[in-house]
Amino acid sequence: MFKGIRIGAALLAAAMLILLAGCGASNQGATKPTEKKIVLGFSQIGAESEWRTANTESIKAAAKEAGIELKFSDAQQKQENQLKAIRSFIQQKVDVIAFSPVVETGWDAVLQEAKAAGIPVILTDRAIKMSNGNPEDYYVTFMGSDFVEEGRRAANWLVDFMKQDKADVNIVELQGTVGSAPAIDRKNGFEEVMKNHPNYKIIKSQTGDFTRAKGKEVMESFLKSAKADGQKIDVLFAHNDDMAIGAIQAIEEAGLKPGKDIIIVSIDGVKGAFEAMIAGKLNATIECSPLLGGQLMEAVKDLTAGKQLAKRILTKEGVFPADVAAKELPSRKY
Ligand code: GYE
């Protein structure tokens, strides 16, 4: 009797197993093992300039096109927010982390954490420095512009345009975010060229944090203090177009003609700069392309396919003086 029950139970269990296996097989058929989407965590600096919003759009559009799942985080220009975002990407075990570092330093710990978690990191747009160790050991590639070269280009354009070897040329400088790679490098590149032209003098230099509002505010104070000191401002060098556009407003409000009374050169090459050049208020812009999305997604795909990436991927860009602005504007993509 007991034996009979036991055999019955065994048969029942076997039948259930077969049934379950059958279910499993048919389930698998229904959900077909699709390829897992690559997940990319991207920590953006903020939305401080036309450049930055174009950069964000480029990244979002390229991720969509490449079929990559993008976890996007905006740090509102605060490093602490970027650190939080990167740590949350590590926790979520994303496949790749990319970020545009707001300033150069302060990334040691978080990059060590990403490395320990085995998550590759891509730097976009801005470079970093580490207090301990070689930064190259902590990222797979750095893609972006050569900011020192942009600073040199701005200076070379200016020297060429001014044709002034003897008389003093008084320059005011609007710097980008304090401690950021583009602010440090653009200043260095510009000064490197100006060393050979000692009559070009930077008489005032201050940060405008890459924004229009700050650019305007700081230019107002430059104009006021130059007036008080009895100095004439001949040139404005702005580390980005947005600050130049803000400064143009300040110059106009002070009753001067931007582009004529004060020669202005800035960097980025955004549409607003082309419009200002066409209006005769800006004299030249040095291109710095924000369209990094396509390159970034390609790198992410290559990386997850096990390919080796070049440690440095450089953006190609040029110089646009005001006289080509009208011709160039229709083909500008940002
Ligand atoms: O020039 C500026 C932006 O890092 C190259 O950041 C970028 C700079 C760009 O806010 O407009």
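Axes here are lines fitted to C-alpha atoms, for helices over the stretch in contact, and angles between N-to-C directions run from 0 to 180 degrees. The exercises below concern a predicted model.

**Exercise 1.** Determine how helix α7 and helix α8 pack, and which residues make the contact.

Solution. Step 1: locate the helices. Helix α7 covers residues 212–229 and helix α8 covers residues 241–253. Step 2: take the geometry. Their axes are 7 Å apart and meet at an angle of about 45 degrees. Step 3: classify the angle. Angles under 35 degrees count as roughly parallel and those from 65 to 115 as roughly perpendicular; α7 is therefore oblique to α8. Step 4: give the handedness. The crossing of α7 past α8 is right-handed. Step 5: list the contact. From α7 come R212, G215, K216, M219, E220 and L223. Residues of α8 in the contact include D242, M243, I245 and G246.

**Exercise 2.** Work out the strand order of the open sheet and find which strands stand at its edges.

Solution. Step 1: the sheet has 6 strands in the order β7-β6-β8-β9-β10-β12, and its pairing is mixed. Step 2: β7 and β12 (319–321) each have a single partner strand, so one side of each lacks a neighbour in the sheet. These two strands are the edges. Step 3: on average, neighbouring strands are turned by 20 degrees against each other, direction ignored.

**Exercise 3.** Describe the surroundings of strand β6, starting with whether its residues are buried or exposed.

Solution. Step 1: β6 spans residues 169–175, and 7 of its 7 residues are buried. Step 2: sort the residues by direction. V169, I171, E173 and Q175 point one way, while N170, V172 and L174 point the other way. Step 3: take the pairing with β7 (residues 200–207). The two strands run parallel and are joined by 7 bridges, with I171 opposite I202. Step 4: follow the chain from β6 to β7. The path goes through helix α6 (residues 181–194), giving a right-handed β-α-β crossover. Step 5: take the pairing with β8 (residues 235–238). Here 4 bridges join parallel strands, and L174 has A238 as its bridge partner.

**Exercise 4.** Continue from β8 to β9, then place helices α7 and α9 against the strands.

Solution. Step 1: β8 and β9 (residues 263–268) run parallel, joined by 4 bridges. F237 stands opposite V265 of β9. Step 2: α7 lies across β6, β7 and β8, at about 135 degrees to β7. Step 3: helix α9 (residues 271–278) packs on the sheet and touches β10 (284–287) and β12. The directions of α9 and β10 make about 155 degrees.

Notes:
Residues numbered from 1 in each chain as written. Predicted model: local features only at pLDDT ≥ 70, side-chain atom pairs only at ≥ 80, totals over all residues. Heavy atoms only, no water. Buried < 20%, exposed > 50% of the residue type's maximum accessible area, 1.4 Å probe, protein only. Pairing = 2+ DSSP bridges. Right-handed = clockwise from strand over helix to strand, strands pointing away. Parallel < 35°, antiparallel > 145°, perpendicular 65-115°, else oblique. Left-handed = near helix turned anticlockwise from the far one by under 90°. Contact = heavy atoms within 4.5 Å.
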